[in-house]
Structure formats: structure tokens, C-alpha cells
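Subject: The structure I promised you

Dear colleague,

Here is the structure that I said I would pass on to you. Please open it and turn it around for a while before you read my notes.

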Amino acid sequence: VEDRLNDESRRVVGETTLTLLDDGRVRWDETGTMRWAWNEVPVSRTLFVEPRDDGWFVTFEDGRDFHPWATGTRVDHACSPDHYSGVIQVDDDGWSVEWAARGPAKDYTMLSRLSRS
């Protein structure tokens, strides 16, 4: 995470687990540790990827829409008063997700690189 607002870099190391559910959705669990300066905190989140008539869609754990699963195409998520713009890239070794977050209290770019263990 490159945080321009606070002029600092943060790094998360952890694991992502994908689980195919009986209803056709994929459960996406992330856990890790975020480190910056002299700080260290555990981080986690759960998302779901679900099939829809027009393709796949990523939702938050509580069922709210996040963004379409669209590789190589910019996706947007408005979370007033902030705005997130991201790109998912898939290659032979895994995939990456890059988000740019802008708003009154946010100005950062987050790059995640996910690969098979």
C-alpha cells in the first residue's frame, strides 16, 4: 500500500484461500499481517465471487455488491465519500489486483499479488 496522504508504505504478507461452495459461489478469505514503520496489525476479510447472468461478480461478506470480476478491464466501486478504481490481471502464476482509492481521507494505491503456494 502506497499511502500518499500519510506519506508511508505498508506491506501485508498473508494467505488467500478460495473455496468452491455448493451454491456455485467462491468464498475468498484473506488473512495476514500489515506492517509499516514500527507498527504491525493482523488484517483479514472475506469476499464472495458469484455467477450472474452477465458474468461473475464480487460481493462483500454481508452480501453487498463490490465489483464485477472482469480481468484486464478497469472496475469501479463508489463508497461515498470515497471512490475506488481497480484492475484485475491474471497470468500463468496467479493474479494481481491494483486499487486506487481517493476521497477526503484516502489517497492510496494498493497492489496485491496472489500466487499459488
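What follows is an account of what was found in it, going from the strands to the spaces between them.

Please keep in mind from the start that this is a predicted model. The average pLDDT of the protein is 94, and 100% of the residues score at least 70. Confidence is lowest in strand 8, where the mean is 89, and highest in strand 5, which covers residues 39-52 and reaches 97.

I would begin with the sheet. It is an open sheet of 6 strands, paired in the antiparallel sense, and their order across the sheet is 2-1-11-10-9-8. Its edges are formed by strand 2 (8-9) and strand 8 (75-79), each of which pairs on one side only. As general background, the strands of a sheet pair through backbone hydrogen bonds, and they may do so in a parallel or an antiparallel way.

Within this sheet, strand 10 (residues 94-103) and strand 11 (residues 106-115) are joined by 10 bridges and run antiparallel, and together they form a hairpin that has 2 residues between its strands. Two of the partnerships are worth finding on your screen: glutamate 98 has leucine 111 in strand 11 as its bridge partner, while valine 97 is bridged to serine 112 of strand 11. Strand 11 also pairs antiparallel with strand 1, here through 2 bridges.

Which residue of strand 11 is the bridge partner of glutamate 2? The partner is threonine 109, and this residue deserves a closer look, for the side chain of threonine 109 makes a polar contact with the side chain of arginine 4 at 3.0 Å. If its neighbours within four places in sequence are set aside, threonine 109 is in contact with Val1, Glu2, Arg4, Glu98, Trp99 and Ala100.

The middle part of the chain holds further hairpins. Strand 3 and strand 4 pair antiparallel over 10 bridges, and in strand 4 it is glutamate 30 that serves as the bridge partner of threonine 16. Their hairpin has 5 residues between the strands, and glycine 24 takes a positive phi near 95 degrees there. Strand 4 is joined in turn to strand 5 by 11 bridges, again antiparallel, with methionine 34 bridged to valine 41 in strand 5. This second hairpin has 2 residues between its strands, and alanine 37 in the turn has a positive phi of about 45 degrees. Strand 6 (residues 55-60) and strand 7 pair antiparallel over 3 bridges, and valine 58 stands opposite histidine 67 of strand 7. Between these two strands lie 4 residues, and in that turn glycine 63 has a positive phi of about 95 degrees.

Two places in the loops may catch your eye when you follow the backbone. Aspartate 7, in the loop between strand 1 (2-3) and strand 2, has a positive phi of about 50 degrees although it is not a glycine. The peptide bond from serine 80 to proline 81 is cis, with omega near 10 degrees, and proline 81 belongs to the loop between strand 8 and strand 9.

Now to the empty space. The structure holds 1 cavity of 30 Å³ or more, and the volume of the largest cavity is about 90 Å³. The residues that line the largest cavity include Trp28, Glu30, Arg45, Phe66, Trp99 and Met110. Which strand gives the most to this lining? It is strand 11, with 3 residues. Sorted by class, the lining of the largest cavity has 7 nonpolar, 2 polar and 2 charged residues.

The largest pocket has about 1400 Å³ of space. Its lining is made up of 38 residues, and those nearest its centre are Val12, Thr16, Glu30, Ser112 and Leu114. By class, the lining of the largest pocket has 17 nonpolar, 10 polar and 11 charged residues. Among the elements that supply at least two residues each to this lining are strand 3 (11-20), strand 9 (82-91) and strand 11. You will meet Glu30, Ser112 and Leu114 in both places, since they are listed in the lining of the largest cavity and also lie nearest the centre of the largest pocket.

With best wishes

Technical notes
Residues numbered from 1 in each chain as written. Predicted model: local features only at pLDDT ≥ 70, side-chain atom pairs only at ≥ 80, totals over all residues. Heavy atoms only, no water. Pairing = 2+ DSSP bridges. pLDDT = per-residue confidence, 0-100. 1 Å grid on protein atoms, 1.4 Å probe; cavity = no way out; pocket = protein on both sides within 12 Å on 5 of 7 lines; lining within 4 Å. Points joined across faces, edges and corners; volume = space filled by probe spheres on them. Nonpolar A, V, L, I, M, F, W, Y, C, P; charged D, E, K, R; others polar. Polar contact = N/O pair within 3.5 Å; in protein donor to acceptor, adjacent residues only side chain to side chain. Contact = heavy atoms within 4.5 Å.
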